Amino acid sequence: MKLVFLITNKGKSENIVKACVKHNLIEAVTLLGKGTASTQILDALSLAESDKDVVVALTDDKHAPIIFNFLEEEFDFTSKGFGVGFALSLNSISAKTFSMINELFKAGDQFSDLVLKGDNKNGLDFQRSEN
């Protein structure tokens, strides 16, 4: 099982998730990402703005490469300014992270106001949106 992360400009994730479901992207949750990266880091990662949609989803090992190939073919995902995607084997995350993700999937909309915030020094964490 893989945990897939897709980070793209705010408002772009809905179409991506809908298209990926037919390629076995399951249990997708979209969060608002609020970045603190400097302009140099944003430029290096080809990210145009700091507010992002962060999609967290599950898929089996064999479908992760299919999903990423589809993203490239359908959305030109690796083009400058579109987004970043990666997948982690579930055996490579901590028990605390697995528990947090599991609660997100169980609660659904209850967590719709969570924002993923962080920086290189302090790491990432989920916080309630200030809006």
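This is a short presentation on the aromatic pairs, one helix and one lysine of the structure shown above.

Good morning, colleagues. Please keep in mind throughout that we are looking at a predicted model.

I begin with the aromatic rings. How many aromatic pairs are there? The count comes to 2. One of them joins Phe-5 and Phe-86, whose rings are stacked, with 5.0 Å from centre to centre and 15° between the planes. Phe-5 belongs to strand S1, residues 2-9, and Phe-86 to strand S4, residues 83-89, so this pair ties together parts of the chain that lie 81 residues apart in sequence. The two partners may be taken in turn. Phe-5 has a relative accessible area of 14% and is therefore buried, the cut-off being under 20%. Phe-86, at 34%, is partly exposed.

The rings of Phe-70 and Phe-75 also pair. Why is this pair described as edge-to-face? The planes stand at 85°, and an angle over 60 degrees counts as edge-to-face; the ring centres are 6.3 Å apart. Phe-70 is buried, with a relative accessibility of 9%, whereas Phe-75 is partly exposed at 22%.

That brings me to helix H3, which covers residues 63-75. This helix has 13 residues, and the distance from its first C-alpha to its last is 17 Å, close to the 18 Å expected at 1.5 Å a residue. Which residues of H3 are buried? They are His-63, Ala-64, Ile-67, Leu-71 and Phe-70, the last of which we have already met in its pair with Phe-75. Viewed down the helix axis, the buried residues of H3 fall within an arc of 125°, so they line one face of the helix.

What covers those buried residues? The covering elements include strands S1 and S4, together with helix H1, residues 13-21, and strand S3, residues 51-59. S1 and S4 are also the strands that carry Phe-5 and Phe-86. Just beyond the end of H3, Asp-76 adopts a positive phi of about 55°.

I close with a residue of strand S3, namely Lys-52. Is this lysine buried or exposed? Lys-52 is buried, with a relative accessible area of 5%. Its side chain makes a polar contact of 2.4 Å with the side chain of Asn-9.

Thank you. I would be glad to take questions.

Terms used:
Residues are numbered from 1 along each chain as its sequence is written. This is a predicted model: local features need pLDDT of at least 70, side-chain atom pairs count only at pLDDT 80 or more; totals for chains, interfaces and linings use all residues. Side-chain values use heavy atoms; hydrogens and water are left out. Rings of Phe, Tyr and Trp (its six-membered ring) pair if their centres lie within 6.5 Å; planes under 30 degrees apart count as stacked, over 60 as edge-to-face and the rest as tilted. Helices (H or I, at least four residues) and strands (E, at least two) are DSSP runs, numbered from the N terminus. Buried means under 20% relative accessible area, exposed over 50%, partly exposed in between (1.4 Å probe, protein chains only). The expected span of a helix is 1.5 Å times one less than its number of residues. The arc is that of the directions from the helix axis to the C-beta atoms. Contact means heavy atoms within 4.5 Å. A polar contact is a pair of N or O atoms within 3.5 Å; within protein, one must be able to donate a hydrogen and the other to accept it, and residues adjacent in sequence count only if both atoms are side-chain atoms.
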